[in-house]
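Trainee: Got a minute? I'd like to go through a model with you, one piece at a time.
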Amino acid sequence: MVWQEFDELESAREKAIAAMRKIPLAPSPEEIKESSNCRQCRSYFYRQGPVCRHCKRRDSIETYLKKIWSCKEKRTMLFSLDDG
Ligand SMILES: [Zn+2]
């Protein structure tokens, strides 16, 4: 079970790194247009377009961060069980 958690964490890490490497130094006009119509990050402007690349990258990074916290909480629980 611990190894499965580790494999999932490693997989999420690789996806997050790959997502970060795809971030351009300056967004292309196409990417700006895509982002301006994104239903996820421009919902407050009532945009209904497809989820933009920026949001997809952010999702990968957030998934990795959630995995880190999940593993950290489980590890804390295991150590607290050992103490009792
Ligand atoms: Zn977006």
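Trainee: Let's start with Q40: how exposed is it?
Mentor: Q40 counts as partly exposed, because it has 16 C-beta neighbours inside 10 Å. Here buried means 20 or more other C-beta atoms within 10 Å of a residue's own, exposed means 12 or fewer, and partly exposed is in between, with C-beta atoms placed from the backbone.
Trainee: Before I go on, what sort of model is this, and how are residues numbered?
Mentor: It's a predicted model, where local features need pLDDT of at least 70, side-chain atom pairs count only at pLDDT 80 or more, and totals for chains, interfaces and linings use all residues. Residues are numbered from 1 along each chain as its sequence is written.
Trainee: OK, back to Q40. Where is its place?
Mentor: Q40 sits in the loop between helix 2 and helix 3. Helices are DSSP runs of H or I with at least four residues, strands are E runs of at least two, and both are numbered from the N terminus.
Trainee: Which residues is Q40 in contact with, leaving aside neighbours within four places in sequence?
Mentor: V51 and C55. A contact means that the two C-beta atoms, placed from the backbone, lie within 7 Å.
Trainee: And how far apart are Q40 and S60 in space?
Mentor: They're 15 Å apart, C-alpha to C-alpha, and 20 residues apart in sequence.
Trainee: What's odd about the phi of Y46?
Mentor: Y46 isn't a glycine, yet its phi is positive, about 60°. Y46 is also in a loop, the one between helix 2 (29-36) and helix 3 (53-83).
Trainee: Is Y46 buried or exposed?
Mentor: Exposed, because Y46 has 7 C-beta neighbours inside 10 Å.
Trainee: Switching to the whole protein, how many helices and strands are there?
Mentor: There are 3 helices and 0 strands. With a radius of gyration of 18 Å, well over the 12 Å from the globule rule for 84 residues, the protein is more spread out than a compact globule. That radius is taken over C-alpha atoms, and the rule is 2.2 Å times the number of residues to the power 0.38.
Trainee: How many of the residues in helix 1 are buried?
Mentor: Just 2 of its 20 residues, so helix 1 is hardly covered. Across the 84 residues of the protein, 6% count as buried.
Trainee: Last one: what's the mean pLDDT?
Mentor: It's 88, and 93% of the residues reach 70 or more. pLDDT is the predictor's confidence in each residue, from 0 to 100. Among the elements, helix 2 has the highest mean (95) and helix 3 the lowest (84).
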